[in-house]
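Visitor: I would like a close look at a single part of this structure. Please take one helix, then follow its contacts outward.

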Amino acid sequence: MNLRVSDELLGTLVPIVVYWVYSGIYVILGSLEDYRLHSRKDEDDKNLVPKGSVVRGVLLQQALQAIVAILLFTVTGNYGEDSVVQQSSLVVLKQFVLAMLVLDTWQYFMHRFLHRNKFLYRHIHSQHHRLVVPYAFGALYNHPLEGLILDTIGGALSFLLSGMSPRTSIFFFSFATLKAVDDHCGLWLPGNLFHCLFRNNSAYHDIHHQLYGSKYNFSQPFFVTWDRILGTYMPYSVEKRADGGLEAKPTKDCKDG
């Protein structure tokens with residue numbers, strides 16, 4: 001009996017499993033009050049949507065993404081058949097980097113446009129900003145249309161333009177999922193590799209989720225390049241709160257953009 005699961009199916013399902021497992025770890029770590037960027041009380045009081053609705057919204061988006069991924073794999077290859085292509089580590093690394101740059105570029109400009117256009121912000125992107133205090137499993141809580149534009153189309157472009165194989169996509173989209181969850185985790189943990197490797201991290205994105213930072217730090221999910229180039233970069237420092245825990249604070253005045 002051949003029980004082999006295709007790379008295309010794994011590339012569709014593994015990032016979803018990674019999302020909930022990694023989010024679950026952060027739910028447990030949320031009890032570490034000294035490393036939280038907001039208190040539990042703020043998380044409960046300031047957010048404008050119940051967690052049950054967030055879970056349902058994320059599951060809806062992941063279902064839509066899975067459908068699009070299957071369609072994409074079907075159009076670009078032989079879905080369900082043996083499509084393994086041996087590639088050197090250097091080729092895979094180049095594909096990873098290119099995919100990261102493509103995804104960052106797409107998401108920066110689409111994300112910024114969703115903020116600049118008042119109609120689109122009010123009716124679409126504001127749903128994500130109901131989470132004033134971000135937490136891990138809210139990373140993909142978006143309006144379905146935003147999920148399609150930012151994440152699904154952005155992911156498809158990354159896959160197609162980088163030329164990666166379905167097998168490579170398993171690792172790339174799982175990595176991108178880990179990064180997105182980490183950026184919304186609401187914690188600043190010592191030794192976190194994402195914080196060591198990326199200036200774009202949970203504190204950086206927390207600034208964006210606050211009212212004073214909504215015109216800054218649009219870059220996601222990897223680098224801060226476009227923010228720096230186009231003047232929307234808001235530097236920050238992580239400081240201790242008087243009532244315990246930590247806080248991401250801007251290190252320059254926020255001005256209307």
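Guide: What follows starts at one helix and moves on to the core, the salt bridges, the hairpin and the cysteines. Keep in mind that this is a predicted model.

Start with helix α3, residues 51-76. Its 26 residues should span 38 Å at 1.5 Å a residue. The end C-alpha atoms lie 37 Å apart, which agrees.

Now its buried side. V54, G57, V58, Q61, Q62, A66, A69, L72 and F73 are the buried residues of α3. Many of these positions are spaced in a way that invites a look at helix geometry. An α-helix has 3.6 residues a turn, so residues three or four places apart point the same way. The partners for the buried residues of α3 are three helices: α1 (7-29), α6 (144-162) and α7 (166-183).

Next, the core. The largest nonpolar core holds 33 residues. Within this core, Y19, Y26, V54, F172 and F222 touch the most other members. Two or more residues come from each of α1, α3, α4 (89-116), α6 and α7. Helix α3 gives the largest share, five residues. In soluble globular proteins, nonpolar side chains tend to be buried together.

V54 deserves its own look. Leaving aside residues up to four places away in sequence, V54 touches V49, L131, Y135, F137, G138 and Y141. There is also a second, separate core of nine residues, with A203, I207, Y216 and A248 among them.

A248 leads to the hairpin. A248 sits in β2, opposite V238. Strands β1 (residues 236-240) and β2 (residues 246-250) pair in the antiparallel sense, over five bridges. Five residues lie between the two strands. In this hairpin G244 takes a positive phi near 105°.

Now the charges. The model has ten salt bridges. One of them lies in α7, a packing partner of α3. There D183 bridges K179, with the closest N and O atoms 2.8 Å apart. The two are four residues apart in the helix, which means a separation of about one helical turn. D183 is buried at 5% relative accessibility. K179 is buried too, at 0%. Salt bridges that share partners also join E33, R36, R40, E43 and K51 into one network.

Within that network, E33 and R40 meet at 3.3 Å, N to O. E33 is partly exposed at 35% relative accessibility. R40 is partly exposed at 37%.

A further bridge joins D42 and K46 at 3.8 Å, N to O. These two are four residues apart in helix α2 (residues 40-46), so about one helical turn separates them. D42 is partly exposed at 23% relative accessibility. K46 is partly exposed at 40%.

Last, the cysteines. The disulfide count is zero. C185 is in no disulfide, and the nearest cysteine sulfur, that of C196, is 13 Å away. A disulfide needs sulfur atoms within 2.5 Å. At 13 Å, the sulfur of C196 is therefore too far from that of C185 for a bond. The surroundings differ as well: C185 is buried, with a relative accessible area of 8%, whereas C196 is exposed at 58%.

Note on methods
Residues are numbered from 1 along each chain as its sequence is written. This is a predicted model: local features need pLDDT of at least 70, side-chain atom pairs count only at pLDDT 80 or more; totals for chains, interfaces and linings use all residues. Side-chain values use heavy atoms; hydrogens and water are left out. The expected span of a helix is 1.5 Å times one less than its number of residues. Buried means under 20% relative accessible area, exposed over 50%, partly exposed in between (1.4 Å probe, protein chains only). Contact means heavy atoms within 4.5 Å. A nonpolar core is a set of buried Ala, Val, Leu, Ile, Met, Phe, Trp, Tyr and Cys residues joined through side-chain atoms within 4.5 Å. Two strands pair if DSSP finds at least two bridges between them. A salt bridge is a side-chain nitrogen of Lys or Arg within 4 Å of a carboxyl oxygen of Asp or Glu.
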